[in-house]
Amino acid sequence: MSEDHERIEELLAGYVLLSLEGEDAAEADRLLSEHVPGCDRCRRTLADLQAVSGDLALATAPADPPETMLPRIHKAMDEVPLQGRRGRRGALVAVAASAVALVAMGGLALVLGNRLSDAQTRAGTALEILSAMQSSGSQPNNVAPMGATPPQSGMVEVSAPEVRTIYVAAKDCPEPAPGHAYQLWLGSDGEWVPVGPMFWPEDGVVLLEVPGVDVSKYDAIWITEEVEGVPPTEPSTQWHSWAGQLA
Amino acid sequence: MGEDERLDLELHRRVSQRDRGAFDELYRRYVRQAYGVALRVTSQDLIAQEVVQDAFLALWRAPEAFDPARGGFRSFFLSLVHHRAVDAVRREERLRRRTERAANLEPATGEDPAEDVVEDAYLRVRRKEVRAALGTLPAAQRQVLEMAYFGGMTQVRIADELGIPIGTVKTRTLAAMRKLRVTLQEE
């Protein structure tokens with residue numbers, strides 16, 4: 001496809017600054033998945049723009065964090081292997097609100113190996129997520145976009161130990177590149193295992209349900225873009241990915 | 001590749017092997033700059049602390065997210081902090097209140113009140129280069145860049161705030177980024 005590189009570079013500049021929205025954001029997502037990977041010029045431009053974005057942080061004055069920050073980080077690191085860290089209430093409320101917003105929106109699609117999209121299944125899965133969120137011990141967790149993954153595409157993970165099911169919901173999820181799909185990974189102490197079948201978003205929406213998972217064994221979640229049909233042995237880092245901790 | 005970049009890569013490699021000493025060293029090298037940018041974007045201590053803490057935890061839990069083939073560690077990590085700071089601002093819907101204060105954003109090229117605080121020389125040197133490069137930008141270009149990066153504003157909002165077409169915002173932004181890249185590559 002012939003592309004106007006001046007226009008593309010304007011979009012890429014806005015993309016690395018996280019300043020796109022609406023149609024521009026969607027167009028940037030399309031370019032990043034369809035055009036940029038195969039265009040040397042755009043790959044170089046994107047790398048250059050990202051380097052500038054990283055440098056811009058240096059224009060701010062450095063500041064001393066509270067002395068308690070590193071001990072707090074150490075404590076959170078130590079808590080990971082068993083039950084994971086329980087998030088701060090404010091953050092949890094925000095994430096829970098995001099999850100509710102997701103299940104309340106129309107056009108949800110269950111993505112679980114086969115594409116099941118009838119309204120009854122969608123409503124049922126939404127109710128299951130709400131039920132999981134209301135059960136004792138449930139924790140909605142933010143699964144944040146990593147690297148060059150579109151910043152507006154954050155996902156939410158919901159699980160409850162007693163239901164032994166993990167749910168992942170997202171909107172504004174970019175399509176993986178042709179021939180690729182997404183894979184859910186769960187991790188414990190740096191070891192990652194693929195969980196469930198590969199999946200794709202439908203109109204940007206992901207509603208993934210993976211039953212039979214003992215979430216308490218894991219401390220982190222990672223969703224990566226992988227080559228479709230090739231069982232991955234370890235998460236790929238060169239394409240879209242989202243990562244988070246399990247509370 | 002400079003000595004500091006090599007050290008970053010080595011520390012990151014060791015973090016990938018669950019070396020806490022290496023993690024603490026990366027923390028020491030970057031926490032002040034990370035906290036500085038988080039504070040600048042969020043304008044709130046507690047949110048900035050949360051952003052920085054979460055960024056370091058993300059580094060510990062998924063060090064594989066950094067791919068050396070795609071650029072330097074410093075750029076990767078500070079971009080991660082910046083992204084999380086912008087996300088935090090937008091998520092908590094504080095943007096409107098912040099934009100009301102946008103006119104009071106401190107100039108990015110101004111004096112650094114923490115300049116005399118001990119920190120790694122390489123960051124201090126690069127900071128001066130970045131600030132000098134920002135100072136070479138035409139005022140109109142620097143304005144849109146600062147509103148986007150430090151104000152966390154979208155291009156649509158910047159256009160609205162400044163009363164200019166969004167196409168002009170896009171053009172100025174790209175021109176600013178290109179000029180910075182050229183200037184900083186020459187350093």
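**View 1. Chain B has nine helices and zero strands.** Helices are DSSP runs of H or I with at least four residues, strands are runs of E with at least two, and both are numbered from the N terminus. From the N terminus on, the order is α-α-α-α-α-α-α-α-α. This is a predicted model: local features need pLDDT of at least 70, side-chain atom pairs count only at pLDDT 80 or more, and totals for chains, interfaces and linings use all residues. Residues are numbered from 1 along each chain as its sequence is written, while chains are lettered from A and ligands numbered from 1 in the order in which they are written. Of the 187 residues in chain B, 46% are buried (20 or more other C-beta atoms within 10 Å of the residue's own, with C-beta atoms placed from the backbone).

**View 2. Helix 7 of chain B packs on helix 8 of chain B.** Helix 7 covers residues 139-149 and helix 8 covers residues 155-162. Their axes, lines fitted to C-alpha atoms over the stretch in contact, lie 10 Å apart. The angle is about 130 degrees, on a scale from 0 to 180 degrees between N-to-C directions. The two helices are therefore oblique to each other (not under 35 degrees, over 145 or from 65 to 115). B:V144, B:M147 and B:A148 in helix 7 meet B:Q155, B:I158 and B:E161 in helix 8. Contact means C-beta atoms, placed from the backbone, within 7 Å. These contact residues divide into four nonpolar, one polar and one charged. Nonpolar means Ala, Val, Leu, Ile, Met, Phe, Trp, Tyr, Cys and Pro; charged means Asp, Glu, Lys and Arg; polar means the others, Gly among them.

**View 3. Chain B meets chain A through 62 residues of its own.** On the other side, 50 residues of chain A take part. Helices of chain B that each supply at least two residues include helix 2 (20-42), helix 3 (45-61) and helix 9 (166-186). Helix 4 of chain B gives the largest share, eleven residues. The side of chain B that touches chain A divides into 30 nonpolar, 13 polar and 19 charged residues. For the complex, the predictor gives an ipTM of 0.84 and a pTM of 0.60.

**View 4. Confidence varies along chain B.** The mean pLDDT (the predictor's confidence in each residue, from 0 to 100) is 84. Among the elements of chain B, helix 7 has the highest mean, 95, and helix 5 (residues 95-100) the lowest, 48. Over residues 101-111 of chain B, pLDDT is below 50. Over residues 113-118 of chain B, pLDDT stays under 50. Where pLDDT is low, the predicted coordinates should not be read in detail.

Note on methods
Two residues are in contact if their C-beta atoms, placed from the backbone, lie within 7 Å. A residue is buried if 20 or more other C-beta atoms lie within 10 Å of its own, exposed if 12 or fewer, and partly exposed in between; C-beta atoms are placed from the backbone.
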